[in-house]
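Dear colleague,

Please find below the structure that I am handing over to you. I would be grateful if you would read the notes after it with the model open.

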Amino acid sequence: MTSQPQIVQPPRIAVRLVNLFSSDKEAETIEGDLQEEYTHIASKRGAPFARRWYWRQTAKTIAHLAGTAYRTAPWSTTSAIAGGFLLRRLAARFVEPAIFAVIDRYQIFEHHFSTYKFLASTGIDIGHILVFLFVGCVVALGAKGREMVATMMLGFIFGAMAVVAVLVMVSRTGDDAFLWRLTWYVVDSFAVVIGGGIIRTRRSTATVRSAVA
Amino acid sequence: MSGRDYLGEFEHIIVLALLRLEDRAYGVTVRQEIEFRTHREVSIGAVYATLNRLETKGLVKSHCGDPTPERGGRSKRFFRVTAKGVSAVNRAQRALYSMTEGLDLARSYS
């Protein structure tokens with residue numbers, strides 16, 4: 001009698017990443033193939049080796065899926081990215097006026113000075129993160145099937161622009177405090193990708209539900 | 001013959017792997033066959049990206065198998081080469097043979 005290898009669960013984050021980047025049709029077969037080989041490798045060479053193998057496969061697989069997704073519809077993906085760029089420029093203008101309108105409406109400056117200080121500094125940064133999250137969601141809605149590629153490219157563009165802008169400011173003024181702003185800008189870029197992930201997950205869940213129904 | 005029917009290097013390897021594996025050809029076996037014979041590490045993403053492209057060109061066909069427990073209840077996607085795919089691989093083989101015929105590669109580049 002031959003013994004079947006015990007089924008072990010691969011790294012959850014890696015599985016999630018593969019799921020985010022693959023189309024609904026591909027996700028089941030790719031995840032199944034990786035699970036099958038992972039179980040086999042783990043039983044033969046141990047879980048740590050199998051985990052490293054799984055992560056290596058995940059990284060290479062994501063790169064291929066992202067490249068293929070972009071190549072299949074380069075113009076619509078680029079249009080979604082350009083649209084997201086313009087939307088961010090438009091929406092970002094309303095963050096500060098909106099926060100100060102709230103401050104004025106509830107007379108926060110007069111009655112809750114510490115809250116005013118928070119809203120007028122960190123509150124504006126959080127407002128910008130929400131704008132980036134919204135932009136990520138809109139771009140993902142426009143780039144159906146390529147949500148992650150489009151939002152990752154847009155996030156990378158914003159991140160690269162922020163790094164260049166901060167380095168120019170630091171070199172011109174000699175003020176290292178600008179480097180701290182980079183933290184917020186990196187979070188902004190991540191917010192775009194998270195927006196894409198939210199829409200991708202919702203679409204994937206909707207497809208699974210309709211398939212079950 | 002349209003330009004789309006030409007096989008790239010990895011497409012050529014994939015079609016040959018499918019022909020070798022016959023009715024056992026799915027992501028895992030194709031990937032392992034290529035690694036075993038070419039000694040190069042291949043990702044499952046690269047295999048599926050190429051298989052999907054070949055399917056779009058009509059050179060391969062796929063169908064889903066039954067879900068299995070060792071795959072976490074997910075089904076396999078089996079592939080087979082179409083008649084058009086066999087013609088394409090024959091053309092690619094003939095082109096390679098024609099281009100290498102009479103060449104002494106070991107001597108030319110030693």
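The notes below set out what was found, beginning with conventions and ending with individual residues.

This is a predicted model, in which local features need pLDDT of at least 70 and side-chain atom pairs count only at pLDDT 80 or more, while totals for chains, interfaces and linings use all residues. Residues are numbered from 1 along each chain as its sequence is written, and chains are lettered from A and ligands numbered from 1 in the order in which they are written.

Domains of chain A

The domain assignment, which is automatic or taken from a database, divides chain A into domain 1 (12–70) and domain 2 (73–212). Their centres, taken over C-alpha atoms, are separated by 29 Å. Eight residues from domain 1 and 10 residues from domain 2 of chain A make the contact (C-beta atoms, placed from the backbone, within 7 Å). On the domain 1 side, helix 1 (12–21) and helix 3 (47–72) of chain A each supply at least two residues. Helices (H or I, at least four residues) and strands (E, at least two) are DSSP runs, numbered from the N terminus. By class, the domain 1 side has five nonpolar residues, two polar and one charged. Here Ala, Val, Leu, Ile, Met, Phe, Trp, Tyr, Cys and Pro count as nonpolar, Asp, Glu, Lys and Arg as charged, and the others, Gly among them, as polar.

Helix 7 of chain A

Helix 7 (residues 113–142) of chain A has 30 residues and should span 44 Å at 1.5 Å a residue (the expected span is 1.5 Å times one less than the number of residues); its end C-alpha atoms lie 42 Å apart, which agrees. At Gly123(A) this helix bends by about 45°, the bend being the angle between axes fitted to the seven residues ending there and the seven starting there. Among its buried residues are His128(A), Phe132(A) and Val139(A) (buried means 20 or more other C-beta atoms within 10 Å, exposed 12 or fewer, and partly exposed in between, with C-beta atoms placed from the backbone). The buried residues of helix 7 pack against helix 4 (74–92), helix 5 (95–105), helix 8 (147–173) and helix 9 (177–212) of chain A.

Leu119(A) also belongs to helix 7. It counts as partly exposed because it has 19 C-beta neighbours inside 10 Å. Not counting residues up to four places away in sequence, Leu119(A) touches Ile99(A), Ile103(A) and Ile108(A).

Contact between the chains

In the contact between the chains, 16 residues of chain B meet 20 residues of chain A. Helix 2 (27–38), helix 3 (44–56) and strand 2 (74–81) of chain B each give two or more residues to the chain B side. Helix 3 of chain B provides the largest share, five residues.

Two loop residues

Most residues other than glycine have a negative phi. Gln107(A), although not a glycine, has a positive phi of about 45°; it lies in the loop between helix 5 and helix 6 (108–111) of chain A. His39(B), likewise not a glycine, has a positive phi of about 55° and sits in the loop between helix 2 and helix 3 of chain B. Gln107(A) counts as exposed because it has 10 C-beta neighbours inside 10 Å, and His39(B) is exposed, with 7 other C-beta atoms within 10 Å.

Yours sincerely

Note on methods. Contact = placed C-beta atoms within 7 Å.
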